[in-house]
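Student: I would like to look closely at the salt bridges of this structure. Could you please take me through them in one connected account?

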Amino acid sequence: MARTMEPVAKKIFKGVLVAELLGVFGAYFLFNKMNASQDFRQTMSKKFPFILEVYYKSIEKSGMYGVREQDQEKWLNSKN
């Protein structure tokens with residue numbers, strides 16, 4: 001019985017591994033895109049504000065302060 005489950009377990013493991021890798025690379029790509037483009041951050045603030053909040057908190061934990069304030073200032077000035 002253990003022999004018949006082995007191929008299934010390998011397939012499940014590979015599927016989980018692929019999903020994890022896609023998640024890590026997706027998060028990396030998203031972080032870099034938000035880090036490089038203030039316009040993209042504005043788009044994220046409209047569509048996915050919770051993701052932008054995670055971005056702000058992560059860069060603040062790394063010691064980079066003021067990005068949130070700069071974004072809000074620019075967005076307020078662009079409305080006027």
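Tutor: The account below takes up the salt bridges and the residues that form them. This is a predicted model, in which local features need pLDDT of at least 70 and side-chain atom pairs count only at pLDDT 80 or more, while totals for chains, interfaces and linings use all residues. Residues are numbered from 1 along each chain as its sequence is written, and side-chain values use heavy atoms, with hydrogens and water left out.

Side chains of opposite charge can pair when their charged atoms come close. A salt bridge is a side-chain nitrogen of Lys or Arg within 4 Å of a carboxyl oxygen of Asp or Glu. The structure holds four of them.

One joins Asp-39 to Lys-74, with the closest N and O atoms 3.7 Å apart. Because Asp-39 lies in helix α2 (residues 38–47) and Lys-74 in helix α4 (residues 67–79), this pair ties together parts that are 35 residues apart in sequence. Helices here are DSSP runs of H or I with at least four residues, numbered from the N terminus. For accessibility, buried means under 20% relative accessible area, exposed over 50%, and partly exposed in between (1.4 Å probe, protein chains only). Asp-39 is partly exposed at 48%, and Lys-74 is also partly exposed, at 38%.

Another salt bridge pairs Glu-53 with Arg-68, whose closest N and O atoms are 3.0 Å apart. Glu-53 belongs to helix α3 (residues 49–61) and Arg-68 to helix α4, 15 residues apart, and the pair links distant parts of the chain. Arg-68 also forms a salt bridge with Glu-60, at 3.5 Å between the closest N and O atoms. Glu-53, Glu-60 and Arg-68 are thus linked in a network of salt bridges. Within this network, Arg-68 is buried at 17% relative accessibility, whereas Glu-53 is partly exposed at 29% and Glu-60 is partly exposed at 23%.

How values were computed
Helices (H or I, at least four residues) and strands (E, at least two) are DSSP runs, numbered from the N terminus.
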